[in-house]
Each structure stands twice: as C-alpha cells, then as structure tokens.
Amino acid sequence: MLFRSYEKPGYLPPFAPQVSLLDYARFYVEFLGCGLAYSLKHQPGTAATIFGLVQIALLILALFFTAKRRRDREFVAKVVPWFSLALFSLGSAFLATLGRVGYGVTYALSSRYAPFSVGLTIAVIALTGVILSDPTRAVLPARRWRFAMTAILLLAYLVPYRTAYG
C-alpha cells in the first residue's frame, strides 16, 4: 500500500536498456575495478578495466583451486566467507550494470560504487593468501611460485596507489 502511487523519476535511465553487449561488459568490468581506477591518473577507465579483469581472473583461479580441494572441509570453511564477499561485489556490479548502463560506461567509475566493488579486491587478496599458505601445497609446490604470486599481488595493488598519490 505504501508504494501504490509511486512513479519512477523521469531522469532515471530504463532498466536494462538496449545498448551494445560490449557496453554492458565494459560497465561490469569497470565497476569491479573502480576502486583502483584512479591509479592511472589520466586513464581511469583503462585502469578499472585492467584491474577488473585481473581480479576476475584471480577469482576464477581461486575457484578452480577450491574445486580441487572441495572435499577438504577445513579448507572450504576458510575460503567460503571470501567467496561470499566476492559474490556480493559481483552481484552488485550485475545490478548496477543493468540499472545504470544507460548513463554510459564511464558512470561505472563513480566513487559511489567503490565500496561495493572493493569487496572483490579484498576477497581476491584474502583468497590468494589462503591458497598460498595452504599446507598441502598440492598445486603450489615451489616456494618460489608462492613468492612470485605475492610479488604479483604487491605490484598489482600497491604500486599503482604509490604512482597515483606520489
């Protein structure tokens, strides 16, 4: 009864407008990378796209690793909360894409979306840490491999912030 006379404001774009599939994909990926978008001062769209794709790729790798270890209840109990946080960000990106892509792809870089997208960043870092510290070392046998992954994470997340604010 409360919303009986509600009318959608005219300035809002239509839900799931007819735009190209590429615009939907770019908005989604840039939304997920918008927390790190301004690490490249003059190309935030490029930075958001790169970081969004890197985070999606790392999440998929973590999902494959977890699928191999699905029978290990202790390991699964460690990673499920981080996957939940990542799924929250993925779901938020999906809904925002459907509702706001009508404003244009660059709208994904709005600072209002950063709190929703940063969950994926946190989840990917935590999942990588859990997987790299896995005592069975079933997939990551070499100490050098774990060191390399840690270095990649540091370069991917910390160096751009130093560049942006330095």
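This passage looks at how the helices of a predicted model pack together and at the nonpolar core they share. Local features rest on pLDDT of at least 70 and side-chain atom pairs on pLDDT 80 or more, while totals for chains, interfaces and linings use all residues. Residues are numbered from 1 along each chain as its sequence is written, and side-chain values use heavy atoms, with hydrogens and water left out.

A good place to start is helix α2 (residues 44-68). Helices here are DSSP runs of H or I with at least four residues, numbered from the N terminus. With 25 residues, α2 reaches 36 Å from its first C-alpha to its last, close to the 36 Å expected at 1.5 Å a residue (1.5 Å times one less than the number of residues). Buried residues of α2 include Phe51, Gln55 and Leu59, where buried means under 20% relative accessible area with a 1.4 Å probe, protein chains only.

Helix α1 (residues 21-33) packs against α2 at an angle of about 85°, with the axes 7 Å apart; axes are lines fitted to C-alpha atoms over the stretch in contact, and angles run from 0 to 180 degrees between N-to-C directions. The pair is therefore roughly perpendicular (65 to 115 degrees). Among the residues in contact (heavy atoms within 4.5 Å) are Val29 and Leu32 of α1 and Phe51 and Ile56 of α2.

Turning to the core, Phe27, Phe31, Leu59 and Leu120 touch the most other members of the largest nonpolar core, which holds 30 residues. Such a core is a set of buried Ala, Val, Leu, Ile, Met, Phe, Trp, Tyr and Cys residues joined through side-chain atoms within 4.5 Å. Helices α1, α2, α3 (73-100) and α4 (114-132) each give two or more residues to this core, and the largest share, eight residues, comes from α3. Not counting residues up to four places away in sequence, Leu120 touches Leu32, Gln55, Leu59, Ala86, Ser89 and Leu90.

Definitions and conventions. Parallel < 35°, antiparallel > 145°, perpendicular 65-115°, else oblique. Buried < 20%, exposed > 50% of the residue type's maximum accessible area, 1.4 Å probe, protein only.
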